[in-house]
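Hello,

Here is the structure I said I would pass on. My notes on it follow below.

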Amino acid sequence: MKVLLIENQPADADLARWALLKGPYPCDVEWVEKLGLGLERLEQGGIDVVLLDLGLPDSQGLDSVRRVQAQAPQVPIVVLTGSYEDESMAVEALQEGAQDYLMKDGLDGKVLSRAIRYAIERMRAEMELRRSQTELQTANLKLEELLAVKESFIANVSHELRTPVAVIKEGVGLLLDGMTGPLGEQQIKFLRLVDRNCLRLAEFVSDILDLSKIRAGRMWLLRGKIKLRELIEEVLKESQPLMGKRVLRLEGAQARAVLGDTGKIRQVLTNLLSNAVKFTKDDGAITLSIREEGEFVTTIVQDDGVGIAKEDIPKLFQEFSQVGEYQERGTGLGLALCKSIIERHKGTISVTSEPGKGATFTFTLPLYTPKVALEEAFKDLVEESAKHLGSSTVALIAVDCENLSRMEALEELEKLLRPQLKNGDVVLGFDLKWLIVLTVADTRAVRAMSGRIRRVLEEWAVTRLGARAGEAVPIAMGSAFYPVDGTDDAHKLFSIAQDFAKPVTPEKIEKKQILLAEDDPSVLEVTKLRLEQLGYDVLTATNGEEVLSHFEGHDAPDLLLIDLKMPKLDGLGVVAKLKAVPQAEKTPIVAFTAYGEELKDKCLEIGILHIVKKPLGAGELLDKVRQALGEKEP
Amino acid sequence: MPKKILVVDDEKDMVAVLLQRLKAYGYEVASAGDGEEALRTIKKEKFDLIILDIMMPVMDGTELGQILKNDPKTKNIPLLFLTALQTKQEHAGYDIVGSDVIFAKPFDIKELMGKIDEFLAK
C-alpha cells in the first residue's frame with residue numbers, strides 16, 4: 001500500500017513510520033511536513049491512503065480534511081490526533097468525510113495497519129454505492145420518460161381515431177336514415193351491425209382517453225353535490241332492461257350528499273352494475289347498499305354470481321387484464337377506469353370474493369361540505385390557469401343572498417348565473433347564504449363576466465323584487481382575485497370578496513366618472529372592476545402623459561385617483577402640472593401610495609387632500625372616494 | 001327562404017357526409033377546407049350558421065371564430081364547433097362564449113341537427 005503521511009512533528013512522524021514498517025502489511029510510506037506539499041504529491045497520483053495530522057503549520061483542523069478531499073476525492077483519509085482535546089475535532093473530521101481517526105500516543109503497528117486497510121475498503125464500498133445510486137437514478141428517469149411517451153402515444157392515437165369513427169358513423173347513419181335511397185332488409189341488418197360496432201369503437205376510445213387523462217392528472221372533474229341514493233336509483237332504472245328476472249335490492253337510508261362529478265360516478269355505478277348482472281345467473285340477486293361512515297359515504301355492490309378466484313383479485317383493477325369470468329368483453333378497461341375515477345375523487349375502491357359465492361365491490365366517496373367543495377373547485381381552476389400562456393387570473397365572485405327572504409331565490413339565481421359562465425367555470429351555493437362563482441380567464445374577460453353577472457342580478461332585482469333604479473337591493477356582490485390579492489387560500493379569497501361586497505344597484509341614470517391612473521395592469525383591472533361595482537364610470541390612464549391628455553380634450557372627470565409612483569411622469573409631478581390646467585381645477589384628487597408619511601406633506605403642499613395607502617382595503621377606498629366626491633353615506 | 005349553412009373542415013369525408021344530411025334536411029350548403037377559404041366565402045355569401053372543426057391546420061376553428069366574432073358583419077352568426085378532443089372543458093382556455101356550442105366527435109347526429117334547428121329558429 002502506498003501511504004502518504006502528512007505530519008509536521010518529526011517525532012510523531014517517526015513513530016508512525018516505524019509502526020507501519022513493523023506492521024503485518026507491506027507499506028510504502030512517503031512523508032511530507034506541510035499540507036501544501038501533501039496536496040502536490042496527491043496530484044501526482046498513486047496514493048492509496050492519507051494519514052493526516054490535523055495540526056499542520058499551513059492548515060488547521062477540518063480545513064485540512066476538506067482540502068485533501070478536494071484534491072483527491074477517491075483517496076481515503078485517516079486522521080491522526082495528538083491529545084485529548086483534539087478528539088472532538090477528530091470526530092468532526094469523520095463527519096466531514098475522513099474514514100477513521102487514531103490517537104498518536106501508543107500507535108501500534110497492527111492497529112495502524114488495520115485502520116489503513118479498513119479505510120481503503122470503506123472508501124471503495126462508498127464509491128461503489130454512489131455509482132449504483134447514480135445508475136438507479138438514470139434508469140428511473142429513463143423509465144419515466146418511457147412512461148410519458150407511452151401515455152402520449154396512446155392519447156394521440158385515440159384522438160386520431162375519433163374523426164374517422166365519426167365519419168363512418170355518419171356515413172352509415174345517412175344510409176340507415178334513408179337519405180341515399182331505399183334499403184333492403186339484409187342491407188339494413190348489416191348496416192346496423194356496422195353502426196353498433198362503431199359505437200363500441202367510440203366507447204373504447206373514450207375509455208382509453210378517460211383513463212390516460214385521469215392518470216396524467218388531467219381529468220377535469222365537474223364537482224358538485226351528488227345525492228348517491230338518487231343517482232343509484234336512476235342508474236338502476238336505466239339498467240332495468242338488462243336485469244331479466246334478477247332480484248335487485250337497494251338498501252341503506254338516505255345518506256348526506258357527496259362531493260363528486262355526477263357523470264363520472266354514474267359511469268362507475270353503471271360499470272359495477274353491469275358486471276354484477278353479467279356474472280350472476282338469471283335468477284340471481286344483486287344488492288346495493290349505501291351508508292355513511294365518518295367523513296365518507298360507502299357504497300356496496302354485491303352479487304351472488306360466479307365469484308372471482310383469489311389469485312385473480314389483485315389483477316382485477318389493472319387495465320387490459322383478462323381475468324377469468326370478470327373480464328370486460330373486449331376492452332378490459334372498465335374496472336381500471338373505475339379505480340382511477342374513485343381515487344381521483346379521493347375515495348377508495350376494493351373487492352372481496354370467493355369462487356361460487358359471488359363478489360362484493362365497495363367504494364367510498366367523501367361527504368360534500370361547502371368548504372371542501374370550494375377548496376377543490378378552486379384548486380382545479382388554479383391548475384387550469386397555470387396551463388394558460390400569458391397572464392391568467394382565477395376570480396372568486398361572491399354573491400351575498402343572505403338578505404333575500406325566499407329560500408328558492410338562491411336556486412333561481414344559480415340557474416340565472418350558469419349561462420353567463422363559460423365552459424369550466426363553477427358556481428356553488430355556500431352555507432345557504434352565498435353563491436360563489438369561480439372562473440379562470442385573463443383579467444379583462446373576468447371583468448366582462450363580472451359585469452354580465454351584475455347586470456343579470458340587477459335585472460332579477462327589478463323584475464322579481466320590484467327594485468327601482470338607483471336603489472340598493474338586498475343582494476351584494478364582491479370579488480377577489482388570485483394571484484393579485486396575494487393569497488391562494490380559497491377561504492381567504494372568499495373573505496376578501498366578502499369585504500369588497502357592495503349592494504347591487506340597478507343602473508343609476510347619472511354615474512360619477514373617475515379617472516384611474518395606475519401603471520400595474522393587474523392592479524388597474526382589479527381596481528377598475530371594484531370601482532365599477534361600486535357604481536362609478538371608470539376611465540383609465542397608465543402614465544402621467546395619459547392623465548394630462550384626459551383633461552385636454554374631454555370633460556374633466558369627477559375624480560382623479562392616482563398612483564403616485566408611475567413611469568414617465570411621477571405622480572406628484574402630474575398633479576403639480578394639473579394644478580396649472582384650468583379644466584382640472586375643480587377635480588378632487590385621491591392619491592394612493594405605498595409610501596407612508598413622507599409623502600403626506602408633499603401631497604398637502606400640492607393640494608392632494610386625500611391619501612390612501614396601498615394595498616387598497618375595501619372600506620378605505622370607498623370612503624376616501626365618497627369623501628372626495630362629497631357624497632354622503634347611503 | 002331556405003337557411004344557408006357553411007361547413008368548414010379540412011376532412012373532406014366529414015364535409016361530404018355533413019353536406020349530404022344538411023341538404024336532405026332542406027338547408028342550402030357550402031363548404032370550405034380551411035379558415036382562409038372560409039373567410040373568402042363568407043365575404044361573398046351570407047350564411048345563417050357556420051359549422052367549424054376546431055383542429056385545422058394554418059388557422060384553427062377558434063381563431064376563425066374569434067375573427068368572425070370581432071367583425072360586426074359576422075358577429076351574430078351562430079357558430080357550432082366540432083372537436084376530436086374529449087370534452088368542452090378542454091376548450092375552456094379558448095374562451096368560446098355564450099351560445100356557441102361544441103360537439104365532440106363522434107357526435108350524435110340527431111343532437112347536432114337539433115341544435116342547428118334551435119339556432120336557426122331564432
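Strand 11 (residues 285–293) and strand 12 of chain A pair in the antiparallel sense, with eight bridges between them. This is a predicted model, and everything below should be read with that in mind. Within the pairing, A:Glu292 has A:Val297 in strand 12 of chain A as its bridge partner. Strand 11 and strand 12 of chain A form a hairpin, with two residues between the strands. In that turn, A:Gly294 has a positive phi of about 65°.

Strand 12 of chain A also pairs with strand 14 (residues 359–366) of chain A. That pairing is antiparallel too and consists of eight bridges. One of the bridge pairs there is A:Asp303 with A:Ala359 of strand 14. How much of strand 12 (residues 296–303) of chain A is covered? Mostly covered is the description that fits, since six of the eight residues in the strand are buried, which here means under 20% relative accessible area.

A second sheet in chain A

Chain A also has an open sheet of five strands, in the order 16-17-15-18-19, with antiparallel pairing. Its edges are strand 16 (426–430) and strand 19 (502–503) of chain A, each of which pairs on one side only. Inside this sheet, strand 15 (residues 393–400) and strand 17 (residues 434–441) of chain A are joined by eight bridges in the antiparallel sense. A:Asp400 has A:Trp434 of strand 17 as its bridge partner.

Two helices of chain A lie across these strands. Helix 12 (residues 408–417) of chain A lies across strand 16 and strand 17, and runs at about 15° to strand 17. Helix 14 (residues 490–499) of chain A lies across strand 15, strand 16, strand 17, strand 18 (476–482) and strand 19, at about 140° to strand 18.

The sheet in chain B

Chain B has an open sheet of five strands with parallel pairing, in the order 2-1-3-4-5. Strand 2 (28–32) and strand 5 (101–104) of chain B are at the edges; each has a single partner strand, so one side of each has no neighbour in the sheet. From one strand to the next, the twist averages 20°. Strand 4 (residues 79–83) and strand 5 of chain B pair in the parallel sense over four bridges. B:Leu80 has B:Val101 in strand 5 of chain B as its bridge partner.

Helices lie across this sheet as well. Helix 1 of chain B lies across strand 1 (4–8), strand 2, strand 3 (49–53) and strand 4 of chain B, and runs at about 165° to strand 2. Helix 4 (residues 109–121) of chain B lies across strand 1, strand 3, strand 4 and strand 5 of chain B, and runs at about 160° to strand 4.

Salt bridges

How many salt bridges does a search of the whole structure find? The count is 26 over all chains. Three of them are described here.

A:Glu170 forms a salt bridge with B:Arg21, with 3.0 Å between the closest N and O atoms. This pair crosses between chains, from helix 5 (residues 109–176) of chain A to helix 1 (residues 12–24) of chain B. Both A:Glu170 and B:Arg21 are buried. The two residues also belong to a network of salt bridges that links A:Glu170, A:Asp177, B:Arg21 and B:Lys110.

A:Lys346 forms a salt bridge with A:Glu376, the closest N and O atoms being 3.1 Å apart. The pair links distant parts of the chain, 30 residues apart: A:Lys346 is in the loop between helix 10 (334–344) and strand 13 (349–353) of chain A, and A:Glu376 is in helix 11 (residues 370–387) of chain A. A:Lys346 is partly exposed at 47% relative accessibility, whereas A:Glu376 is buried at 10%.

A:Arg17 and A:Asp14 meet through their side chains in a salt bridge of 3.2 Å, N to O. Why are they about one helical turn apart? They are separated by that much because they are three residues apart in helix 1 (residues 10–22) of chain A. A:Arg17 is partly exposed, at 29% relative accessible area, and A:Asp14 is partly exposed at 43%.

Cysteines

The count of disulfides is zero over all chains. Among the cysteines, A:Cys27 is buried at 16% relative accessibility, and A:Cys198 is buried with a relative accessible area of 5%.

Regards

Technical notes: Residues numbered from 1 in each chain as written. Chains lettered and ligands numbered in written order. Predicted model: local features only at pLDDT ≥ 70, side-chain atom pairs only at ≥ 80, totals over all residues. Heavy atoms only, no water. Salt bridge = Lys/Arg side-chain N within 4 Å of Asp/Glu carboxyl O. Buried < 20%, exposed > 50% of the residue type's maximum accessible area, 1.4 Å probe, protein only. Pairing = 2+ DSSP bridges. Contact = heavy atoms within 4.5 Å. Axes fitted to C-alpha atoms, helices over the stretch in contact; angles between N-to-C directions. Disulfide = S-S within 2.5 Å.
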